[in-house]
Amino acid sequence: MSEQDPMVDEFDTVASWTVAAVRELGADHALPAACRGSGSPAALDWLADAIGIGPGTHLLDSGAGVGGPAAYVAGERGARPVLAEPMAGACWAAQQLFDSTVTVADGARLPFADATFDAAWSLGVLCTVEDKAAHLAELGRAVRPGGGVGLLVYERTVDSLPDQPEGNHFPDRAELEAAVAAAGLRVVETVPLTDLPSTPEDWQHAADAVDDAVERQHRDDPRWASAQEQQDTIGDLIARELVVGVLVHCRAAEVAA
């Protein structure tokens, strides 16, 4: 096992390795690899429609990882995303892969003025933070009054998980609803990921090819083993439906606080 935080191994170190793998395999592998774990095209399209992402939309992506979802809506819809991500390696990867506008920032303390953005989203992030209300409140503060806030949340369906991946804090539905309300957001609609079309085969194959390339190069590195253990544990929880992915469409308060 790595002496580092497994979250750093998973989201920071592996990010830089992903850039090298994409350069080896080709630029067409960048988007599928960078969207893994943070939304299929169908999920991203659902959220984009829900929160009104279109040409010129100034979008905040908080906890943006290596920037795949933001790059997707920039390319498909003409959005103008700004990425905030606490892991410096992931920020570097987003710049390398997509030339993203990105800042290293904690989602609970965003360096943006009130009402800076037309809309915001945060994908697969809430399960990695303890103070969910603070993270959500920052999203609501950063968007214009009444602006859309989209979430991809992995929520717990049981009282206690048999395996708890380090650094993850999966909410159940009641905890999620309480955090959203405490942040001053209003839930408009939710949909389980399982209700949407699955990831297209070509996307899946491209993402798998990047994973395989990273494994070939780094399988003997304890940081790869640490990150892989995290991913395997979460994947098992999802396969057993102890954790489920849910898309949430929220709205910020109509009048800024």
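This report walks through ring pairs, salt bridges, a helix packing and a few loop residues in a predicted model.

Because the model is predicted, local features need pLDDT of at least 70 and side-chain atom pairs count only at pLDDT 80 or more, while totals for chains, interfaces and linings use all residues. Residues are numbered from 1 along each chain as its sequence is written, and side-chain values use heavy atoms, with hydrogens and water left out.

## Aromatic pairs

Let's begin with the rings. How many aromatic pairs does a search of the whole structure find? The search finds two. Rings of Phe, Tyr and Trp (its six-membered ring) pair if their centres lie within 6.5 Å; planes under 30 degrees apart count as stacked, over 60 as edge-to-face and the rest as tilted.

One pair joins tyrosine 72 and tryptophan 203: their ring centres are 6.1 Å apart and their planes stand at 80 degrees, so the pair is edge-to-face. This pair links distant parts of the chain, since tyrosine 72 sits in helix H4 (residues 68-77) and tryptophan 203 in helix H8 (residues 201-218), 131 residues apart. Helices (H or I, at least four residues) and strands (E, at least two) are DSSP runs, numbered from the N terminus.

Are these two residues buried or exposed? Tyrosine 72 is buried, with a relative accessible area of 8%, and tryptophan 203 is buried as well, at 14%. Here buried means under 20% relative accessible area, exposed over 50%, and partly exposed in between (1.4 Å probe, protein chains only).

The rings of phenylalanine 112 and phenylalanine 117 have centres 5.1 Å apart and planes at 90 degrees, so they too form an edge-to-face pair. Both of these phenylalanines, 112 and 117, are buried.

## Salt bridges

Side chains of opposite charge can pair when their charged atoms come close. A salt bridge is a side-chain nitrogen of Lys or Arg within 4 Å of a carboxyl oxygen of Asp or Glu. A search of the whole structure finds 14 salt bridges, including the three in this table.

| Acidic residue | Basic residue | Closest N and O atoms |
|---|---|---|
| Aspartate 118 | Arginine 144 | 4.0 Å |
| Glutamate 175 | Arginine 156 | 3.4 Å |
| Aspartate 221 | Arginine 223 | 2.8 Å |

Aspartate 118 lies in strand E4 (residues 117-123) and arginine 144 in strand E5 (residues 143-156), so their bridge ties together parts that are 26 residues apart in sequence. Aspartate 118 is partly exposed at 30% relative accessibility, and arginine 144 is partly exposed at 37%.

The bridge between glutamate 175 and arginine 156 links helix H7 (residues 173-182), which holds glutamate 175, to strand E5, which holds arginine 156, 19 residues apart. Glutamate 175 counts as partly exposed at 38% relative accessibility, whereas arginine 156 is buried at 13%.

In the bridge of aspartate 221 with arginine 223, aspartate 221 is buried, with a relative accessible area of 17%, and arginine 223 is partly exposed at 28%. Elsewhere, Arg36, Asp208 and Asp211 are linked in a network of salt bridges.

## Two helices that pack

Two packed helices are described by the angle between their axes and the distance between the axes. Helix H6 (residues 132-142) packs with H7 at an angle of about 45 degrees, their axes 8 Å apart. Axes are lines fitted to C-alpha atoms, for helices over the stretch in contact, and angles run from 0 to 180 degrees between N-to-C directions.

H6 and H7 are therefore oblique to each other (angles under 35 degrees count as roughly parallel, over 145 as roughly antiparallel, 65 to 115 as roughly perpendicular and the rest as oblique). Which residues make the contact? Lys132, Ala133 and Leu136 of H6 meet Ala179, Val180 and Ala182 of H7, where contact means heavy atoms within 4.5 Å.

## Loop residues

Valine 125 is found in the loop between E4 and H6, and valine 125 is buried at 9% relative accessibility. Not counting residues up to four places away in sequence, valine 125 touches Ser62, Gly63, His135 and Leu152.

Aspartate 99 follows H5 and sits in the loop between H5 and strand E3 (102-104). Its phi is near 55 degrees, a positive value in a residue other than glycine, and aspartate 99 is exposed at 68% relative accessibility.
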